[in-house]
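Thanks for sharing this one. Here are a few notes to read with the structure open beside you.

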Amino acid sequence: KMTQQMRDLQLAQARKPPGPSSPNAAKRLYRNLSGKFRVNYTSFDEGSLAGRGEKEKLRKSYLFQSNAALFEAVELQDLDRVQDLLKQYSPEELDLNTPNSEGLLPLDIAIMTNNAPIARALLQAGAKESPHFVSLESRSLHLSTLVREAEQRVNELTAQVVNEAPSADCSEKEKQLKAWEWRYRLYKRMKAGFEHARVPDAPSNVHLSVASSSSVQVTFWEPLSVNSAVVTKYKVEWSCSPTFSPPLGEAVIDKLKNLHFTIRGLVSGTAYYVQVSAYNMKGWGPPQASVPPFAIPSNWREYDGRAPRRRGQAEALDHLLSQVKTVHQHCVCHEPCKNQPQSRKHSVSKSLKHLFHPGSKFLKTLKRGLYLTAIFYKDDNILVTHEDQIPVVEIDDTYSCLLMQDFLWFTKVSCMWDEILWLRQCVTVSQSSCSCILQTRFKMLLAISQMQGLLGIQDLGQVFFEPVKDKQGNILIVTLKEVKTNQTFESVRWVPICKLQTSRKSVSSPEEPTALDTLLISIQDKLAYHQRSSHALSSGLYLGYLKLCSAVDQIRVLVPEQLPNILCHVKIRSNPNISREEWEWLQKMVSVEEPVPAEPEAETSQNHLFQELQVAIKELMTLVNIPLQEAKDFRLYSQEVLDFGGQVSFLLLLPPSDDVCTAPGQNNPYTPRSGFLTLPLQIFELGEEG
């Protein structure tokens with residue numbers, strides 16, 4: 001039977017004055033009708049509501065209109081409008097999975113009109129099919145009822161229009177007739193779409209891989225056939241038997257943004273078979289077995305029972321530091337702190353009193369010496385002093401040549417910003433030895449304490465990988481930190497970076513800029529480096545290229561500019577785990593004398609890894625500008641898989657032994673293309689640890 005809302009609408013429309021007619025009148029009337037079919041708008045006296053209640057009702061009314069707009073866009077097959085609404089509102093705000101008065105959801109309309117692009121957009125947003133369709137028969141009956149009621153309404157309105165004399169009421173009924181004719185055609189199209197549909201074909205490219213010692217991962221693509229209805233969910237089944245009798249478990253996947261599933265809680269060393277099937281409004285299609293047909297949960301460490309390299313290292317270091325602190329508690333350097341009252345007023349060591357002396361302030365200009373500058377930035381703004389200068393403090397005015405070892409020591413200290421006071425007090429004891437190295441490092445700690453005191457913050461950020469120097473003998477050690485909250489600092493304020501660059505008056509010539517001018521000119525590059533060095537790789541297995549070059553006082557490593565905290569690399573696959581079988585095959589491959597070992601058997605995980613490695617090596621050689629024929633002399637590092645937190649792992653590709661590290665003056669015939677830089681090895685290690 002026709003819904004009560006339709007009858008109410010008929011009466012309401014009959015009382016309305018006639019409106020202007022146009023070729024698009026039917027569509028406009030349909031848009032009005034569609035909103036009224038789905039929601040009951042409640043009129044209210046705005047003056048009778050309190051502020052909050054009024055806003056809430058307005059908000060709900062607005063969201064109701066958004067829901068109606070989504071139905072309208074789906075029915076009119078307006079993909080752009082559907083995508084805009086899904087971006088603008090959350091699924092909850094759109095009532096994406098609440099059936100309308102006809103018992104339909106937006107996804108039902110999309111799949112029964114066979115509009116695959118809109119259906120996929122809705123599915124990725126979390127859309128579901130109507131719960132009313134519990135069987136094929138119930139869906140068929142529901143569609144037949146909608147078609148019959150719409151046809152009946154069209155016949156009634158046609159008779160009224162034919163028999164009535166021209167009038168305002170007649171004109172309104174003509175509009176209703178056009179809208180109902182449109183809806184009748186929509187329902188017939190939906191019914192025909194359902195009747196002509198068939199169950200989906202099997203999913204394509206079903207691949208099975210070992211995810212860990214207790215899990216396997218299956219990935220798959222949509223069915224290749226485009227003739228069947230849109231797939232709305234998938235089913236993954238697993239068993240220890242190739243016949244899937246008995247089955248061990250199954251999982252239904254209805255979130256289709258990423259077509260993969262990890263089966264967890266499995267037994268290591270046991271073979272598991274997996275198959276995947278697809279579902280549409282006509283039911284489940286045939287299952288597709290995975291390639292390879294089974295997988296055995298394992299990890300490469302099981303090959304020789306090796307424990308993780310870093311197991312317990314962080315705890316051991318913490319324990320060691322705690323022991324060192326305990327030993328130093330009774331040092332002479334800590335005597336002044338022993339009997340201080342436990343209050344915030346006296347929590348700062350007496351040795352920091354000099355920070356609050358009028359002489360302790362940021363520098364405006366540089367003389368010949370070593371300095372520390374801290375760059376704090378937020379979006380396009382940077383912290384400057386009240387004199388619009390980047391915060392700079394002096395380390396040593398007699399130090400004109402920064403030794404690499406002192407700089408590397410400073411970078412290690414940056415991992416302990418909160419311990420500077422304790423470190424300084426400990427170094428004080430040894431200062432009597434008059435060691436130049438100790439005095440320089442003690443002054444570095446003093447400068448750090450001064451910068452922390454002037455800014456009112458402990459964490460000064462990450463040290464830039466090389467100091468900024470000028471021909472006048474000035475050296476700047478630069479720290480960088482991004483501020484993501486509205487944090488307040490002492491003695492400084494925020495200004496736009498572009499304003500600072502344009503307003504600063506240079507006191508040097510373009511041919512010989514000072515270290516401060518050089519810093520200001522290159523500040524955008526340094527901020528970009530800092531942001532890129534904190535980026536993380538997505539989960540997966542990568543092939544890395546290790547290339548070193550040595551200088552007189554350091555060894556440097558080749559890294560990409562876009563990810564300077566990682567070796568040059570390409571992604572092998574999304575699964576970071578190397579199974580025991582794969583690792584065993586790799587060991588055999590690197591041990592043979594022939595340059596190209598025999599290809600493993602088809603439809604095995606080893607064969608899949610072999611193919612993935614071939615593709616990755618070609619891509620990596622192109623990336624670092626090395627002719628592919630040279631790769632035959634390269635080696636895979638076979639001692640271990642480099643593991644970074646369980647989600648990212650690396651296999652290393654090494655040049656021939658003599659070419660791993662380029663010596664000073666040695667010619668490198670294959671220079672990488674632009675987009676790379678070399679970092680001091682110790683700096684790279686600190687960035688990788690972070």
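The points below go through the cores, then the strands, then two helices.

1. A word on the source before anything else: this is a predicted model, and the points below should be read with that in mind.

2. I would start with the largest nonpolar core, which has 71 residues. The residues with the most contacts inside this core are Leu372, Ile375, Phe376, Leu455, Leu476 and Ile477. Helix α13 (residues 436-455) supplies the largest share, with 8 residues. Where does this core lie with respect to the domains? Both domain 3 (369-534) and domain 4 (540-591 + 604-688) give residues to this core, so it lies between them.

3. There is also a second, separate core, made of 65 residues. Leu146, Val147, Val210 and Tyr272 are among them. As general background, nonpolar side chains in soluble globular proteins tend to be buried together.

4. Strand β3 (residues 233-239) deserves a look. Of its 7 residues, 6 are buried, so β3 is largely enclosed by the rest of the structure. β3 runs antiparallel to strand β6 (residues 272-280), and 7 bridges join the two; within this pairing, Trp238 has Val274 of β6 as its bridge partner. β3 also pairs with strand β4 (residues 249-253), again in the antiparallel sense, over 5 bridges. Here Glu237 stands opposite Glu250 of β4.

5. Elsewhere, an open sheet is formed by 4 strands in the order β23-β17-β18-β24, with mixed pairing. Which strands stand at the edges? They are β23 (661-662) and β24 (676-680); each has a single partner strand, so one side of each is left without a neighbour in the sheet. As for β17 (residues 548-550) and β18 (residues 555-560), they run antiparallel and are joined by 3 bridges. Leu548 has Val557 in β18 as its bridge partner.

6. Helix α11 (residues 404-413) is mostly covered, with 7 of its 10 residues buried. The buried residues in α11 are Met404, Asp406, Phe407, Leu408, Phe410, Thr411 and Val413. You will notice that Asp406 and Thr411 appear on that list alongside Phe407 and Leu408.

7. Finally, please look at the surface patch made by Leu317, Leu320 and Val324, which is nonpolar and covers about 260 Å². Val324 is found in helix α10 (residues 313-328). Is Val324 buried, partly exposed or exposed? Its relative accessible area is 31%, so Val324 counts as partly exposed. An α-helix has 3.6 residues a turn, so residues three or four places apart point the same way.

Technical notes. Residues numbered from 1 in each chain as written. Predicted model: local features only at pLDDT ≥ 70, side-chain atom pairs only at ≥ 80, totals over all residues. Heavy atoms only, no water. Pairing = 2+ DSSP bridges. Patch = residues over 30% accessible without salt bridge, like charges linked within 9 Å, V, L, I, M, F, W, Y side chains within 5 Å. Areas by Shrake-Rupley, 256 points an atom, 1.4 Å probe, with all protein chains shown as cover. Salt bridge = Lys/Arg side-chain N within 4 Å of Asp/Glu carboxyl O. Buried < 20%, exposed > 50% of the residue type's maximum accessible area, 1.4 Å probe, protein only. Core = buried A, V, L, I, M, F, W, Y, C linked by side-chain atoms within 4.5 Å. Domains from an automatic or database assignment.
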